[in-house]
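Visitor: Please give me a close look at a single part of this model. I would like to hear about charged side chains and their surroundings.

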Amino acid sequence: MIAGVTHVTMEAGLDAGVAAGRSWGFEPELRDAVALPASFECVGETDHVLPLALLSGPPGIRLEVVDHGGDSGQPSAYAPIPRRSAEAGFAGLSCTVPDTAAEAAFWSGFARARWAGPGPGTVRGTIPSPLPGMDCEFELVPGTRGEGQVHAMNDRGFPSIGVFSTSMERDCARAVRLGAKLRSAAITTTVGGRPLRMALIETPGGAPVELLAAARITGEKETANGLST
């Protein structure tokens, strides 16, 4: 089951990204580097170590900053929705897709999204978050990219979001049944000293989504844990 949205990722140098996060009211939580095979993100030809920083703020989605050492030069699928008051952090996310009705149907089946009123044009609703005190506002905006362009994990801006999964393989399979593409099957790596399972899908509208699950390694056995908040 998908427990909900945990964070939005920003592509930037870590110092610049952390400074931007502070200006939005986030505070650094950790800095680390995650080892990834080349096949996972498909942004290079070799395995790589990806510098990252995780920032948190008021109850709600976190901000992850990653530095691939360069970006695709293309605008990303996502944009943060600022809070409507003086509170810090983000209220939710906006996602640009060619078919908002199809994307809304996917998120309804994949992550129990609720919509104020599906129809042509922009669609607004909420997606649960496993983090305390918040549902994530979610807005689907009609728009297209150039012919042949595919969203990449190192798109300029906010290329991907993270969602927490309690059953990685089942959630990946359900996403595919609902029209997503499986970009990368689950791998196990370490972030902040903790083993983490990660998989990557592409929604029907072409937006990258990382599925995340904490993993506990016991000898040769690997199991999913709950999310620490």
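**Charged pairs and what surrounds them**

Guide: Glu139 is buried, with a relative accessible area of 18%. Here buried means under 20% relative accessible area, exposed means over 50%, and partly exposed lies in between (1.4 Å probe, protein chains only). Before we go further, please keep in mind that this is a predicted model, in which local features need pLDDT of at least 70 and side-chain atom pairs count only at pLDDT 80 or more, while totals for chains, interfaces and linings use all residues. Residues are numbered from 1 along each chain as its sequence is written, and side-chain values use heavy atoms, with hydrogens and water left out.

Glu139 forms a salt bridge with Arg124, and their closest N and O atoms are 2.9 Å apart. The pair links distant parts of the chain, since Arg124 belongs to strand S8 (residues 123-128) and Glu139 to strand S9 (residues 135-142), 15 residues apart. A salt bridge is counted when a side-chain nitrogen of Lys or Arg lies within 4 Å of a carboxyl oxygen of Asp or Glu, and by this rule the count comes to eight. Helices (H or I, at least four residues) and strands (E, at least two) are DSSP runs, numbered from the N terminus.

A second salt bridge takes us to strand S4 (62-66). The side chains of Glu29 and Arg62 meet there at 3.6 Å, N to O. Glu29 sits in strand S2 and Arg62 in strand S4, 33 residues apart, and this pair too links distant parts of the chain. How exposed or buried are the two partners? Glu29 is partly exposed, with a relative accessible area of 40%, whereas Arg62 counts as buried at 15% relative accessibility.

Arg62 has plenty of company: five of the five residues of S4 are buried, so the strand is largely enclosed by the rest of the structure. Arg62, Glu64 and Val66 point one way from S4, while Leu63 and Val65 point the other way.

What lies alongside S4? Strands pair if DSSP finds at least two bridges between them. S1 and S4 run parallel and are joined by five bridges; within that pairing, Val8 has Leu63 as its bridge partner. S3 pairs with S4 in the antiparallel sense over four bridges, and Leu54 stands opposite Glu64. S3 and S4 form a hairpin with five residues between them, and Gly60 in the turn has a positive phi of about 145 degrees.

Helix H1 (residues 14-23) also meets this region. Its buried residues are Leu14, Gly17, Val18 and Gly21. They cover an arc of only 100 degrees around the axis, which puts them on the same side of H1; the arc is that of the directions from the helix axis to the C-beta atoms. These buried residues pack against S1 (2-11), S2 (27-36), S3 (48-56) and S4, with contact meaning heavy atoms within 4.5 Å. On the other side of H1, Asp15, Ala16 and Ser23 are exposed.

Leu63 leads us from S4 into the nonpolar interior. A nonpolar core is a set of buried Ala, Val, Leu, Ile, Met, Phe, Trp, Tyr and Cys residues joined through side-chain atoms within 4.5 Å. The largest one has 45 residues, of which Leu63, Trp107, Phe110 and Leu211 touch the most other members. Helix H3 (residues 100-111) provides the largest share of this core, five residues.

Phe110 then brings us to one more charged pair. Leaving aside neighbours within four places in sequence, Phe110 is in contact with several residues, including Ile2, Asp171, Arg174 and Leu211. The side chains of Arg174 and Asp171 meet in a salt bridge at 2.9 Å, N to O. Both residues lie in helix H4 (residues 168-177), three residues apart, about one turn of the helix. An α-helix has 3.6 residues a turn, so residues three or four places apart point the same way. Asp171 counts as buried at 0% relative accessibility.

Arg174 makes a further link, as its side chain reaches the backbone oxygen of Gly109 at 3.4 Å. That is a polar contact: a pair of N or O atoms within 3.5 Å, where, within protein, one must be able to donate a hydrogen and the other to accept it, and residues adjacent in sequence count only if both atoms are side-chain atoms. With neighbours within four places in sequence left aside, Arg174 is in contact with Ile2, Gly109 and Phe110.
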